[in-house]
2 protein chains.
Amino acid sequence: VTERAPLSGEEFVDWLRREGASRYHDAHRVHVLMHQGKLNKAQLQQWVRNRFYYQTRIPIKDAIILSKSEDPVFRRAWIRRIHDHDGNAPGEGGLALWLRLAEGVGLSRAEVEGLGSVLPGVKFACDAYVTLVRERSLLEAVASSLTEFFAPDLMSRRILAWQEHYPWVDAEMLAYFRSRVPRARFDSEEAIGYVVLHATTYELQERCVAALIRKTEILWQLLDCVEKAYVPRSAEAP
Amino acid sequence: VTERAPLSGEEFVDWLRREGASRYHDAHRVHVLMHQGKLNKAQLQQWVRNRFYYQTRIPIKDAIILSKSEDPVFRRAWIRRIHDHDGNAPGEGGLALWLRLAEGVGLSRAEVEGLGSVLPGVKFACDAYVTLVRERSLLEAVASSLTEFFAPDLMSRRILAWQEHYPWVDAEMLAYFRSRVPRARFDSEEAIGYVVLHATTYELQERCVAALIRKTEILWQLLDCVEKAYVPRSAEAP
């Protein structure tokens, strides 16, 4: 058996970017309609409510990633992501900012926080992300975070689209999206550095790509569930 | 079936203290001889080397505990324990302090860090701690940390004993033991508050006690392995 030689770092990063970009949920109909200003208030609320469940899984999956590392240097860097979402004090951090967004679209913070109206399929998809991180290697778990590559663009476009199309949402409530632009850039660079260094065989590179693809499927599935339940075909503009 | 009523908080804490105190490894022959000044340099080194494996499991099990919590308030508090061991910069934190202790007893930092000479039984016992935390409930995982109750006393006695009996170890190298006195006190009070609040049935209280007992068995087993390999009966004073 001859093993295939690993791709160069540059080729490997290109491959990840290609597979990720072609499947990223910025192209999902729910996001397209959202950014065209074609979702109504109730639909925006449902998206905010359901996506919050995804947000709550982030510090959990990051803590699992932390627990998979034997390296204090890696852990010292990665732990920042947990602080980013949980904050260092009540009211701080990404989860708190998402709940402000929920208030901004007219929802009750407590109701969203209670997760009572999250669609079952959204839970299955987000829980599958936690399972992926738990069951695969540290390398694949880190690779699955690389959708962050594409997040800064999406967040930047979203902020503009919301300010244009949904002016009833106080711009101050969009702080979560703003906070993610620099953080997602930093996080994805950190993660790409890690996977390039540690995916030392073609087989490991393939596994990283597979983990990233699975992650894009999870994000896509979340929006499929929201679309099926709340965004009928007739929402499309003529 | 009549369920047994839960113990009061005070009775429950007494029960935990009793079961923990009677099994705590301060009474293990290796610790007794250590504190009597009856271990030789090679034996101290073996203890430091093997116990380091336990130390490396602490941030890992704490990250698993973090990942089991749905509550940002809990996570914000518990994450401190990971920083305590990993530090916020290279050379800081409990793991780095333990490696200084290793140098203090004449070992090579790199050799200890490499974990190459850790006894198999020590690995099994410490890995069993990580497995316990992974497989049992968050409540039981927190309860298993309650051996920290008894740590401040042991650390305080150890510092005095080492200064008296092993003056060739620079007192500055005992920083790990010193750092644990206030931290173990704070950590155990935090954990006891959590278990008293959440062990709301007798059955849950029983499970907490069982988890604490299992943890004392793990600590004891570590020393049994060190004793079997390096501290023959003849080490006993007449």
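This is a short dialogue on reading helix packing and burial in a predicted model.

Q: Let's start with a pair of helices. At what angle do helix H9 and helix H10 of chain A pack?

A: The angle to look at is the one between the N-to-C directions of the two axes. In this predicted model, H9 (residues 151–165) and H10 (residues 175–198) of chain A pack at about 165°, and their axes are 8 Å apart. Angles over 145 degrees count as roughly antiparallel, so H9(A) is roughly antiparallel to H10(A). The crossing, with H9(A) passing H10(A), is left-handed.

Q: Which residues of H9(A) and H10(A) meet there?

A: From H9(A) come Ala151(A), Pro152(A), Met155(A), Ser156(A), Arg158(A), Ile159(A) and Trp162(A). Facing them in H10(A) are Phe177(A), Arg178(A), Arg180(A), Val181(A), Ala184(A) and Arg185(A). Sorted by class, this contact of H9(A) with H10(A) holds 8 nonpolar, 1 polar and 4 charged residues.

Q: Why do contact residues on a helix tend to recur at certain spacings?

A: An α-helix has 3.6 residues a turn, so residues three or four places apart point the same way. With that in mind, have a look at H1(A), where Gly9(A), Phe12(A), Val13(A) and Leu16(A) are the residues in contact with H10(A).

Q: Happy to. How do the axes of H1(A) and H10(A) cross?

A: They come within 10 Å of each other and cross at roughly 125°. That makes H1(A) oblique to H10(A), and the crossing of the two is right-handed. On the H10(A) side, the partners are Ile192(A), Val195(A) and Val196(A). The class count for H1(A) with H10(A) is 6 nonpolar, 1 polar and no charged residues.

Q: And in chain B, how do H1(B) and H10(B) cross?

A: The axes of H1 (residues 9–23) and H10 (residues 175–198) of chain B come within 10 Å, crossing at roughly 125°. H1(B) and H10(B) are therefore oblique to each other, and H1(B) passes H10(B) in a right-handed crossing. Here Gly9(B), Phe12(B), Val13(B) and Leu16(B) meet Ile192(B), Val195(B) and Val196(B). By class, that contact has 6 nonpolar, 1 polar and no charged residues.

Q: Back to chain A. Where does Gly9(A) sit?

A: Gly9(A) belongs to helix H1 (residues 9–23) of chain A. For accessibility, the band between 20% and 50% is called partly exposed, and Gly9(A), at 32%, counts as partly exposed. It is also worth comparing sequence with space: Gly9(A) and Ala199(A) are 190 residues apart along the chain, while their C-alpha atoms are separated by 9.3 Å.

Q: What does Trp220(A) touch?

A: Trp220(A) lies in helix H11 of chain A. Leaving out residues up to four places away in sequence, Trp220(A) touches Arg23(A), Tyr24(A), His25(A), Ala27(A) and His28(A). Its C-alpha is 5.4 Å from that of His25(A), with 195 residues of sequence separation. Trp220(A) is partly exposed, at a relative accessible area of 30%.

Q: Finally, which residues of H7(A) are buried?

A: Buried means under 20% relative accessible area. In H7(A), Gly121(A), Val122(A), Ala125(A), Cys126(A), Tyr129(A), Val130(A), Leu132(A) and Val133(A) are buried. These buried residues pack against helix H3 (41–68), helix H8 (138–144) and helix H11 (202–230) of chain A. H7 itself (residues 120–135) has 16 residues and reaches 22 Å from first C-alpha to last, close to the 22 Å expected at 1.5 Å a residue.

Key: Residues numbered from 1 in each chain as written. Chains lettered and ligands numbered in written order. Predicted model: local features only at pLDDT ≥ 70, side-chain atom pairs only at ≥ 80, totals over all residues. Heavy atoms only, no water. Axes fitted to C-alpha atoms, helices over the stretch in contact; angles between N-to-C directions. Helix = DSSP H or I, 4+ residues; strand = E, 2+ residues; numbered from the N terminus. Parallel < 35°, antiparallel > 145°, perpendicular 65-115°, else oblique. Left-handed = near helix turned anticlockwise from the far one by under 90°. Contact = heavy atoms within 4.5 Å. Nonpolar A, V, L, I, M, F, W, Y, C, P; charged D, E, K, R; others polar. Expected span 1.5 Å × (residues − 1). Buried < 20%, exposed > 50% of the residue type's maximum accessible area, 1.4 Å probe, protein only.
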